[in-house]
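Thank you all for coming. I would like to take a few minutes to walk through one model, and I will start once it is on the screen.

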Number of protein chains: 2
Amino acid sequence: MTARDQVRTADHRSGGGREARRAERREAILQAAMELIAERGYRGTSLAAVAERAGLTQQGLLHHFPSKELLLVGVLEARDRWDTAAAAATGAWRTDTLAGLVEYNAGRPGVVQTYTVLAGDSVTEDHPARDFFERRFRRVREGLAGVLRTEYGDRLPGGLTPERAAPLLAAVMDGLQLQWLLDPAEVDMTAAFGDFLALLGAAGGEGDASAVGAGTDES
Amino acid sequence: MTARDQVRTADHRSGGGREARRAERREAILQAAMELIAERGYRGTSLAAVAERAGLTQQGLLHHFPSKELLLVGVLEARDRWDTAAAAATGAWRTDTLAGLVEYNAGRPGVVQTYTVLAGDSVTEDHPARDFFERRFRRVREGLAGVLRTEYGDRLPGGLTPERAAPLLAAVMDGLQLQWLLDPAEVDMTAAFGDFLALLGAAGGEGDASAVGAGTDES
DNA sequence: GTCTATAATCAGATAGAC
DNA sequence: GTCTATCTGATTATAGAC
């Protein structure tokens, strides 16, 4: 550990040092960037606008994030950090936890909007977030397959396996977010996601159809 | 009918008149715009780039579409026209037709990409395509509910109704497109959509589970 | 670390010639 | 109808003072 690192650690502990202030600044910038990306998209967001909302000049911002692309990477990493507890513990999750996450998102349209806008943007050529989303979806599909296997075993309705149902689960979450953002009065994201879970839970792959309709009226 | 309209009709019939050439130009511009929006997004696409690909100057383009926003409206209308036959006949569709549409889309990544990018973009503030997508999703949900009712009746697996399953169907289609665009080698969009249909068809609301597992091994 | 000043580029749109 | 020329404004990024 270098002398500088010791200072940094000490500063962080004290909570009011140089490094702590630096971290605060970075957080403020990332927060502003997230909001503006939600409002105007990545390409539509200017560094000057982010800087203004964060309370500094464009050039001051560039001191913390040397380029617009690095700022985007910062935003994505922050989002990852934000639900890291979630992602890391996915193996132990259940479908109720997923439903809870959807309900939680329903109370945070801004975050959902940032995600939806960037995900759509990411499929364009040479997009700085493309790699991030490609990896993310692989990870999410694997995690969801694990959840489904834990919950329902190897055989799901319609002859599906957890691995084949996982992309559908991810797709439903994203697709519902889009419809909900566009028309929140018309689309009840939480209820709709519950409906999909009912679809996965009803009439299991064991060929036992006696459970059909049971416990599915939580509308 | 005015004298001018008569001339226009005559021109159109002859196939080589002024109006026909004008229409050709517009088509070329719209085609170029669609491609570039797929590649770079709406905000990332410049009029000059569209014009160059269409074989004229930016100012020539502005003669046909007076503003960038009107060009986007043109693109969306063209897309509507493109699958108008589909949308109009939705009432008579069946789920096989939907599966066929998904398979058709799987062969046209460019079109899917334009749609995905614009849909994500549309949730940003004051986006010129927002209204279009809001209306489109309402229409699609209604159409899909009709398809499901025709096919499966009023009761679906998991205690769902056609109206409650419709947003899920739309969500799955959009969500799968996103995952497929990002990772075509990993995500088999057509097979996955078939899986979802199996989910809707298996163990129906009537309690008849005898069809479970049939025709679902097209992995 | 944050600022002012500014470079270098590119955007969408207009005016007017042909 | 399509062009050349031009305007106006915004963008990312750099240089250097404090």
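**The annotated segment and the DNA**

Let me begin with residues 46-65 of chain A, a stretch that is 75% helix and 0% strand, with its end C-alpha atoms 13 Å apart. Please keep in mind throughout that this is a predicted model. The same stretch, residues 46-65 of chain A, is what the unreviewed UniProt entry annotates as "DNA-binding region".

Which residues, then, come closest to DNA strand D? In the model 15 residues surround that strand, and the closest are A:Gln58, B:Arg25, B:Thr57, B:Gln59 and B:His64. Of the atoms of DNA strand D that come within 4 Å of the protein, 57% belong to sugar and phosphate. Sorted by class, the surface near DNA strand D consists of 10 polar, three nonpolar and two charged residues.

As for the elements that build this surface, helix H4 (58-64) of chain A and helix H4 (58-64) of chain B each contribute at least two residues, and the largest share, four residues, is that of H4(B).

Turning to individual atom pairs, I would point to two phosphate contacts and one base contact. The side chain of B:Thr57 places an N or O atom 2.7 Å from a phosphate oxygen of DNA strand D, while for A:Lys68 a backbone N or O atom lies 3.0 Å from a phosphate oxygen of that strand. On the base side, an N or O atom in the side chain of A:Gln59 is 3.4 Å from a base nitrogen of DNA strand D.

Let me now move away from the DNA, to a loop residue in chain A. A:Thr124 sits in the loop between helix H8 (109-121) and helix H9 (130-152) of that chain, and A:Thr124 counts as buried because its relative accessibility is 0%. What surrounds A:Thr124, if we set aside its neighbours within four places in sequence? Its contacts include A:Arg43 and A:Arg130 in chain A, and, from chain B, residues such as B:Ile37, B:Glu39, B:Gln113 and B:Val117. With A:Arg43 there is also a polar contact, side chain to side chain, at 3.4 Å.

Finally, a word on helix H10 of chain B, residues 162-182. Its 21 residues should span 30 Å at 1.5 Å a residue, and the end C-alpha atoms are indeed 30 Å apart, so the expected and modelled spans agree. H10(B) is also mostly covered, with 19 of its 21 residues buried.

Key
Residues are numbered from 1 along each chain as its sequence is written. Chains are lettered from A and ligands numbered from 1 in the order in which they are written. This is a predicted model: local features need pLDDT of at least 70, side-chain atom pairs count only at pLDDT 80 or more; totals for chains, interfaces and linings use all residues. Side-chain values use heavy atoms; hydrogens and water are left out. A residue is near a molecule or strand if one of its heavy atoms lies within 4 Å of it. A polar contact is a pair of N or O atoms within 3.5 Å; within protein, one must be able to donate a hydrogen and the other to accept it, and residues adjacent in sequence count only if both atoms are side-chain atoms. Ala, Val, Leu, Ile, Met, Phe, Trp, Tyr, Cys and Pro count as nonpolar, Asp, Glu, Lys and Arg as charged, and the others, Gly among them, as polar. UniProt positions are given in the numbering used here, feature names are shortened, and annotations may be inferred rather than shown by experiment. The expected span of a helix is 1.5 Å times one less than its number of residues. Buried means under 20% relative accessible area, exposed over 50%, partly exposed in between (1.4 Å probe, protein chains only). Contact means heavy atoms within 4.5 Å.
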